[in-house]
Amino acid sequence: MSAAELLTDAFGRIRETVLAVVPGLTTAQLSQRLDPDANTIGWLVWHLTRVQDDHIAGSFGVSQVWTDGGWAARFGLPDTSEIGYGHTSAQVAAVTEKVAAAPDLLTEYHEAVQAETVRHVSAVKDADLSRVVDRNWDPPVTLGVRLVSVVNDGTQHAGQAAFIRGVLLRAD
């Protein structure tokens, strides 16, 4: 298996989880917090997709799907480059209010980011993985490390969203 095949499969697994979690949920379910400050399914899916979009774009020197597709306006969110990192409980609530009201749009955004991700990672050669993509860290971050980090983040947040869905549907 090549690096490109491995990465395509890994990002595909995140997609599968997102598409198993979001469809069929109500706005209330996408907005439900298991604890007063917990993340919601809507926010988790938005966040993992924003991280993937931001980091893939940065790693391959392309613009973000978020920007090119006018996604902030489509969701009714401020036009910022925020990805959710470090969001306060109030910020989580503000994003959740918008994305939970549009579950189809949320999965559509994820699908658009997934398509762009696969377009790039499916062309990755093993030698590309050692290319430095971020010199703001010590040591500098390579493409391989960045992609593994994005897969890890996406997998964790998709799993959290799936867990919350299970809790909510069991309670109903």
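This passage describes the salt bridges, the two largest pockets and one loop proline of a predicted model.

Because the model is predicted, local features were accepted at pLDDT of at least 70 and side-chain atom pairs at pLDDT 80 or more, whereas totals for chains, interfaces and linings use all residues. Residues are numbered from 1 along each chain as its sequence is written, and side-chain values rest on heavy atoms, with hydrogens and water left out.

Let us begin with the charged pairs. The structure contains 6 salt bridges (a side-chain nitrogen of Lys or Arg within 4 Å of a carboxyl oxygen of Asp or Glu). One of them joins aspartate 9 to arginine 13, with 2.7 Å between the closest N and O atoms. These two residues sit 4 residues apart in helix H1 (residues 3-21), a separation of about one helical turn. Helices (DSSP runs of H or I, at least four residues) and strands (runs of E, at least two) are numbered from the N terminus. Aspartate 9 is partly exposed at 32% relative accessibility, and arginine 13 is exposed at 52%. Here, buried stands for under 20% relative accessible area, exposed for over 50%, and partly exposed for values in between, using a 1.4 Å probe and protein chains only.

Another salt bridge links the side chains of arginine 50 and aspartate 53, at 3.5 Å from N to O. Both residues belong to helix H3 (residues 41-60), where they are 3 residues apart, or about one turn of the helix. Arginine 50 and aspartate 53 are both buried.

A further bridge pairs arginine 146 with aspartate 134, whose closest N and O atoms lie 2.9 Å apart. Arginine 146 is in helix H8 (residues 143-171) and aspartate 134 in strand S1 (residues 132-134), so this contact ties together parts that are 12 residues apart in sequence. Arginine 146 is buried, at 13% relative accessibility, and aspartate 134 is buried too, with a relative accessible area of 13%.

Arginine 146 turns up again in the pockets. The largest pocket holds about 370 Å³ of space. It has 13 lining residues, and those closest to its centre are His55, Tyr85, Trp137, Arg146 and Ser149. Two elements, H3 and H8, give two or more residues to this lining, and H8 gives the most, with 5 residues. By class, the lining comprises 6 nonpolar, 4 polar and 3 charged residues.

A few terms deserve spelling out. A pocket is an open set of points on a 1 Å grid over the protein atoms alone, where a 1.4 Å probe fits and protein lies on both sides within 12 Å along at least five of seven lines; lining residues have an atom within 4 Å of a point. Grid points are joined across faces, edges and corners, and the volume is the space filled by probe spheres set on them. Ala, Val, Leu, Ile, Met, Phe, Trp, Tyr, Cys and Pro count as nonpolar, Asp, Glu, Lys and Arg as charged, and the others, Gly among them, as polar.

The second largest pocket has a volume of about 160 Å³. Its lining includes Trp46, Trp66, Glu82 and His87, and helix H6 (residues 89-99) supplies the largest share, 3 residues. By class, this lining has 6 nonpolar, 3 polar and 1 charged residues.

Finally, proline 36 lies in the loop between helix H2 (27-31) and H3. Proline 36 is exposed, at 65% relative accessibility. Its C-alpha atom is 8.4 Å from that of serine 89, although the two residues are 53 residues apart along the chain.
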